[in-house]
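Notebook open, viewer open. I went through this one piece by piece and jotted down what I looked up.

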Amino acid sequence: MQGTEITRLVDEYGPIYVYDDGPYRYMSFGEGGEQSRIDRSRPEYPVYQYLQVMLLGLLYQPAPQHALMLGLGGGSLIHALLSYSEALQIHVAELRPQVLNTAVSHFQLPDTHRLTISISDAMDYLCQSSTTADLIFTDLFSDAGMQQQQLQQEYLEQCYRLLSDQGVLVLNLWDEGHGYHPRANQQLSNLFGDNWLCCTVDSGNLIAFGFKGGKPESNPRTLLNSAKRLEKRLGFPARKLLNRIRER
């Protein structure tokens with residue numbers, strides 16, 4: 001791995017490594033690549049392109065009151081969301097206590113009443129929760145890659161159940177750069193019908209957006225002003241990324 005190793009931990013699920021790489025700090029679960037990265041001088045800036053694309057969900061839900069995150073990592077998405085809105089409440093379900101401890105000790109995870117974290121398997125949390133969310137971000141990866149749980153019918157149905165009436169489900173998927181994921185296409189179409197969009201990412205990720213209240217206007221021109229505001233708040237090229245969003 002690139003950079004200087006800062007610390008390493010081992011729990012029942014495997015190792016957790018933290019590295020410094022110039023101005024950045026990142027988390028890894030092994031040889032499979034990075035799990036989370038922050039700019040230590042401005043942790044609210046989403047470094048990864050896939051994370052920037054996930055945050056495009058804010059174009060379709062620009063004033064969310066409650067967000068649910070399934071998978072914590074180093075908390076990069078949390079930093080960005082808390083910076084975006086002072087009204088937003090965030091709940092996170094994270095399987096590994098040591099990942100949470102590492103995010104607190106090495107990734108500047110904020111200590112705020114607007115953030116609640118449950119140590120729980122994502123599916124267990126979904127089944128037990130009754131709190132709806134305007135945005136649900138599901139980002140379940142291990143060192144071996146994407147957790148297939150994210151595309152299981154029951155998992156997606158539980159996510160759908162917890163979406164508010166106009167809620168948006170944002171999934172980080174892995175398609176190795178093909179730009180198409182047959183199983184995701186089938187599962188999301190079964191649940192959302194035509195009411196979902198996707199966006200390719202240079203790293204090989206595929207981000208999907210599912211809309212409970214019906215597919216919104218997705219023409220980049222109509223979203224341009226909203227994208228400009230998102231750029232101003234979080235500093236990433238939202239307008240450029242808009243052009244990658246497409247129909248399924």
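I started with T102 and asked which residues it is in contact with, leaving aside neighbours within four places in sequence. The list I got is L9, I16, V18, M27 and F107, with contact meaning heavy atoms within 4.5 Å. Before going on I noted that this is a predicted model, where local features need pLDDT of at least 70, side-chain atom pairs count only at pLDDT 80 or more, and totals for chains, interfaces and linings use all residues. Residues are numbered from 1 along each chain as its sequence is written, and side-chain values use heavy atoms, with hydrogens and water left out.

Entry: T102 and its helix. I found T102 in helix α4, residues 97–106. Helices here are DSSP runs of H or I with at least four residues, strands are E runs of at least two, and both are numbered from the N terminus. T102 has a relative accessible area of 2%, so I logged it as buried. For the record, buried is under 20% relative accessible area, exposed is over 50%, and partly exposed is in between (1.4 Å probe, protein chains only). I also took a long-range distance: T102 and R246 are 144 residues apart along the chain, and their C-alpha atoms are separated by 36 Å.

Next I asked which residues of α4 are buried. They are V99, L100, T102 and A103. These cover an arc of only 165 degrees around the axis, so they sit on the same side of α4; the arc is that of the directions from the helix axis to the C-beta atoms. I reminded myself that an α-helix has 3.6 residues a turn, so residues three or four places apart point the same way. What covers the buried residues of α4 includes β1 (4–11), β2, β3 (24–28), β6 (89–94) and β7.

Entry: the end of α4. Just after α4, I came to Q108 with a positive phi of about 55 degrees. That is a positive value in a residue other than glycine, so I flagged Q108. Q108 lies in the loop between α4 and β7 (115–119). Buried or exposed, or something in between? At 38% relative accessibility, Q108 counts as partly exposed.

Entry: Y19. I moved to strand β2 (residues 14–21), where Y19 is found. Y19 comes out at 9% relative accessibility and so counts as buried. Not counting residues up to four places away in sequence, I saw Y19 touching M1, Q2, G3, T4, E5, I6, Y24, R25 and Y26. I checked A93 too: Y19 and A93 are 74 residues apart in sequence and 24 Å apart in space, C-alpha to C-alpha.

Entry: helix α8. I wanted to know which residues of α8 (residues 224–234) are buried, and I got A227, L230, E231 and L234. They cover an arc of only 105 degrees around the axis, which puts them on the same side of α8. N225 and K232, on the other side of α8, are exposed. The buried residues of α8 pack against α2 (57–60), α3 (76–84) and α9 (238–242). After α8 comes G235, and its phi is positive, near 85 degrees.

I also looked up L224, which is found in helix α8. With a relative accessible area of 34%, L224 is partly exposed. Leaving aside neighbours within four places in sequence, L224 is in contact with R239 and L242. L224 and L135 are 89 residues apart along the chain, with 21 Å between their C-alpha atoms.

Entry: α3. Since α3 turned up among the partners of α8, I checked its burial. I found 8 of the 9 residues of α3 buried, so α3 is largely enclosed by the rest of the structure. The buried ones are S76, L77, I78, H79, A80, L81, L82 and Y84.

Entry: whole chain. I logged 9 helices and 14 strands for the protein chain, and 54% of its 248 residues count as buried. Among contacts between residues at least 6 apart in sequence, 64% join residues at least 24 apart. The C-alpha atoms fill a box of roughly 45 × 40 × 35 Å, taken along the principal axes.
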